[in-house]
Amino acid sequence: MYAFRERLARASEKIAQRWHVLKPNRAAAVAILLGLTVTLAGWQWMRVQERKDEYAQLQNSTERIQSAIQQRLDNYQLILRGAAAYRQASLAMNDADWRRYTDGLKLSQTQPELVALEFSATAADTLVASDPRYAAWIKARDSGQPSMSAPLAPNALPEAGKGLLVAIYLPVYRHDLELQSIEQRRTALQGSMVALVRLDVLLNRLLVRAYPDASVQLYSGVLPDPQRQVYGTRKASSKELMATRQLSWGGRQWTMVVYSRAHGSFDGRSWQWLLFGLCVSVALTLLLNHQAIIRARADTVTRMMSRRLLRSQTELRAVLDAAPEGVLNLDSDGCVVSANQAAEHIFGVASGKLFGVKLEVRVPGFDRAQLDTLCSSVISTEGQMPMIRAEATGMRACGARFPLALSLRRFELDGEVHYSLMLRDVSDEKMAEVMMQQSLRDLAAARETPAVTV
């Protein structure tokens, strides 16, 4: 138990010593923590913004895919209507003429997904009710508009190949009959133009080259039901961005789902911000740590200089207080800024009572103008003002006047004029001088008086 207490005490002492060493660097620690917090918060915010930008790009890409598919389907409608008009004008044309017409369209080059373009006068006789083409033909016949069938079975037309095959029907009517009602359209029907389209080839041409990273899935119907998926480029992950669009053409509804992988590259703005923030945080931490070290050294030097200055002031004060003559230091306005004990004793005031008092209060007639007059009456030598000596009358705190002998010197400090005065009470000297003069006069009178002889 005693050994455990000793180890605990030594560990506490080490922690205290390390904390004392790290104490000046707490600002650097706070700076790096704050910098990392701001950096990570900014990085997270920018990642969210990049995610939003990627989703907006996916939406734009999906719109372009939808527009491209819609434009291609509209092209099929134009081809069908052109072929229907040509066939309607020449119902008696033979197969060779029709072949020359279709070859002139060069569909194999411009529309490779369009595997067949034919005219059928007896579609009702060749199709069964269970065939998806039959429902499309009925809708086209009765509406007068193009109609697309549901996806055909893989073995429905072996010559078309395996894939997502649909049939598009456009009715051909006699131009001399009215087409206002369904019955009129059925009566005027001469046949149907039918186009067989491989939608998988179309989607591959539109998507693989333009959007290689996207995963496009096509469903038959208005819902993305996996059981009704008819096309897909690759298997998508649940973590990918997703956009859904509805396609409607030829009486058929399709659901297109586009997936896109989120970009996680290190060349994005968020990663650049993270790297920049880390560099700034580390640099700021090092700078604050360096400043803390400099500040600690400066504080040490300042304390040392303060102790030396206090010691010098104490020694100077002791010297001035030990001087037999009074010493006054005046500012540019002639006010006392410091005085020794001898000066306080000469004027009969308590310690510190001379501070801030104008000189002319204790030495009448010696104001700022008189001091400048005395200083200007002598010429400085080698840039130094010589000591000026003068006599004046001082006034004690009790109001009594007494003679003073002054020594004045002017100097500059921080661009301002200051004055230094040395004072000496010459009352005793003046009294002795008066007594000496009186004695001399008495002696002279005695010499002039004749001696009396008895």
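**Exercise 1. Work out which side chains of strand β7 (residues 241-249) are buried in this predicted model.**

Solution. Start from the general pattern: in a regular strand, side chains alternate between the two faces of the sheet. Now sort the residues of β7 by face. Leu241, Ala243, Arg245, Leu247 and Trp249 point to one face. Met242, Thr244, Gln246 and Ser248 point to the other. Then apply the cut-off, with buried meaning under 20% relative accessible area. The set that begins with Leu241 is buried, while the set that begins with Met242 is not.

**Exercise 2. Find how β7 is joined to strand β8 (residues 252-260).**

Solution. First, take the direction: the two strands run antiparallel, and nine bridges join them. Next, pick out some partners. Methionine 242 stands opposite tyrosine 259 of β8, and threonine 244 has valine 257 as its bridge partner there. Finally, look at the turn: two residues lie between the strands of this hairpin, where glycine 250 takes a positive phi near 65°.

**Exercise 3. Place β7 in its sheet and explain why one side of the strand has no neighbour there.**

Solution. Write down the strand order of this open, four-stranded sheet: β6-β5-β8-β7, with antiparallel pairing. β6 (229-232) and β7 stand at the edges with a single partner strand each, so one side of each has no neighbour in the sheet. From one strand to the next, the twist averages 20°.

**Exercise 4. Identify which strands helices α2 and α8 lie across.**

Solution. Take helix α2 (residues 26-89) to begin with: this helix lies across β5 (215-220), β7 and β8, at about 20° to β7. Helix α8 (residues 199-207) lies across β5, β6 and β8, running at about 35° to β6.

Technical notes:
Residues are numbered from 1 along each chain as its sequence is written. This is a predicted model: local features need pLDDT of at least 70, side-chain atom pairs count only at pLDDT 80 or more; totals for chains, interfaces and linings use all residues. Side-chain values use heavy atoms; hydrogens and water are left out. Buried means under 20% relative accessible area, exposed over 50%, partly exposed in between (1.4 Å probe, protein chains only). Two strands pair if DSSP finds at least two bridges between them. Axes are lines fitted to C-alpha atoms, for helices over the stretch in contact, and angles run from 0 to 180 degrees between N-to-C directions. Contact means heavy atoms within 4.5 Å.
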